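Let's take a walk through this structure together, starting from a single residue and working outward. Keep the viewer open as you read.

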Amino acid sequence: MDVTETQELGTLAIRLAREGAELAAARREGVVTVEATKSSLADVVTAVDHEVEELLRRRIAEERPDDAILGEEGDDTPGTSGLTWVLDPIDGTVNYLYGQPAWAVSVAVCLGPPDPREWTVVAGAVAAPALGHLWHAHLGGGAFRDGEPIRVTEVEHLGVSLVGTGFGYVAEQRARQARALTGVLPVVRDIRRLGSCAADLCMVADGTLDAFFESGINPWDMAAGEVIVREAGGVVHGLRGERASEGMVIAGNPGISALLAEVVATAHETRSGSV
Ligand code: IPD
């Protein structure tokens with residue numbers, strides 16, 4: 001894939017994220033209610049999640065009919081082009097429901113099949129209208145927030161690092177995540193739990209967080225943020241040098257993310273059970 005194509009895909013990702021965010025923000029002016037719950041009572045979906053995803057799917061079908069689509073709220077759409085769009089219509093749905101500002105529309109396009117173990121994210125955009133920001137990146141083009149170039153921080157010590165994390169919706173998973181947190185919290189400057197993994201990763205990219213870790217996140221929560229962190233000079237990986245996956249995502253500048261991975265792995269080993 002040449003640079004021009006990557007850039008065009010990036011431009012479309014921005015347009016889609018912006019359009020989805022405008023729709024979600026307009027709907028937020030009215031009454032937002034829970035339409036259904038998913039993995040647990042805490043894990044909600046609103047009618048707006050569905051409406052935004054349908055809009056994004058319609059736009060992609062119009063402009064890129066041969067591409068595959070993997071979205072949080074719909075069935076996978078197969079494609080023939082070798083590209084997959086990865087959509088989170090509202091990342092931070094609980095924040096959206098309560099009127100908390102950290103929610104975002106996340107749009108990524110990946111080279112490869114609809115399988116995060118096999119794809120490479122080539123471009124992504126994350127629009128968070130209530131935070132007033134849009135982040136984007138495409139491979140080789142750098143990363144941007146509201147059009148301005150961004151970089152991860154150069155922090156070298158965990159003790160002066162502000163670290164984001166998040167929790168899933170299932171009780172047993174939260175208990176494991178809490179055990180990992182007891183290893184991390186004593187050794188960092190502080191922890192932030194914003195409630196949108198996509199926004200968390202973008203904040204690592206723009207330096208408003210030094211690092212991020214979370215286990216159990218879905219491919220649509222992280223795909224766009226992943227390319228934005230990398231293009232901002234950061235790394236995104238799992239534990240022990242593994243690829244980032246639903247198992248674990250750690251992000252930051254290369255030095256700090258390696259230190260954080262060690263602490264999380266130790267917390268994991270000494271506090272029994274997987275993180
Ligand atoms: C959630 C958010 C949250 C993270 C959860 C995700 P959703 O996504 O990204 O920050 O901690 O693991 O499931 O459910 O709001 O799309």
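Does Phe212 count as buried or exposed, and what is its relative accessibility? Phe212 counts as buried because its relative accessibility is 0%, and buried here means under 20%. You will find Phe212 in strand β12, which covers residues 211-214. Try selecting Ile256 as well: 44 residues separate Phe212 from Ile256 along the chain, and their C-alpha atoms lie 10.0 Å apart. Please keep in mind throughout that this is a predicted model.

Now zoom out to the whole chain. The protein chain contains 7 helices and 14 strands. Its C-alpha atoms fit a box of roughly 50 × 45 × 30 Å along the principal axes. For 275 residues, a compact globule would have a radius of gyration near 19 Å, and the 18 Å of the protein chain agrees with that. Of those 275 residues, 53% count as buried. Take the contacts between residues at least 6 apart in sequence: 63% of them join residues at least 24 apart.

The surface and the charges come next. About 11,700 Å² of the protein chain is exposed, and carbon and sulfur atoms supply 52% of that area. Counting charged side chains gives 22 positive and 41 negative ones. The centres of these two sets are 4 Å apart.

Back inside, helix α5 is a good place to stop. Why can this helix be called largely enclosed by the rest of the structure? The reason is that 10 of the 10 residues of α5, residues 197-206, are buried. Among them are Cys197, Asp200, Cys202, Met203 and Asp206. Just after α5 comes Gly207, with a positive phi of about 85°.

Positive phi values turn up in residues other than glycine too. Asp146 has a phi near 50°, and it sits in the loop between β8 (143-145) and β9 (148-149). With a relative accessible area of 39%, Asp146 is partly exposed. Arg240, also not a glycine, has a positive phi of about 50°. Look for Arg240 in the loop between β13 (235-237) and β14 (249-252).

What about aromatic rings? The count comes to 1 aromatic pair. It is formed by Tyr96 and Trp103, whose ring centres are 4.9 Å apart and whose planes meet at 85°, so the pair is edge-to-face; the angle needed for that label is over 60 degrees. Both Tyr96 and Trp103 are buried.

Two more loop residues round off the tour. Glu72 lies in the loop between β3 (68-71) and β4 (83-91). Which residues does Glu72 touch, leaving aside its neighbours within four places in sequence? Its contacts are Lys38, Glu53, Leu87, Asp88, Pro89, Ile90 and Trp220. Measuring from C-alpha to C-alpha in your viewer, you should find Glu72 and Trp85 11 Å apart, with their positions 13 residues apart in sequence.

Thr33 belongs to the loop between α1 (3-28) and β1 (34-37). With neighbours within four places in sequence left aside, Thr33 is in contact with Thr46, Ala47 and Leu97. Asp115 gives you another distance to check: 82 residues from Thr33 along the chain, its C-alpha atom is separated from that of Thr33 by 32 Å.

Key. Residues are numbered from 1 along each chain as its sequence is written. This is a predicted model: local features need pLDDT of at least 70, side-chain atom pairs count only at pLDDT 80 or more; totals for chains, interfaces and linings use all residues. Side-chain values use heavy atoms; hydrogens and water are left out. Helices (H or I, at least four residues) and strands (E, at least two) are DSSP runs, numbered from the N terminus. The radius of gyration is taken over C-alpha atoms; the globule rule is 2.2 Å times the number of residues to the power 0.38. Buried means under 20% relative accessible area, exposed over 50%, partly exposed in between (1.4 Å probe, protein chains only). Contact means heavy atoms within 4.5 Å. Accessible areas come from the Shrake-Rupley method with a 1.4 Å probe; for residues, only the protein chains shown count as cover. Lys and Arg count as positive and Asp and Glu as negative; His and the chain ends are not counted. The place of a charge is taken as NZ of Lys, CZ of Arg, CG of Asp or CD of Glu. Rings of Phe, Tyr and Trp (its six-membered ring) pair if their centres lie within 6.5 Å; planes under 30 degrees apart count as stacked, over 60 as edge-to-face and the rest as tilted.
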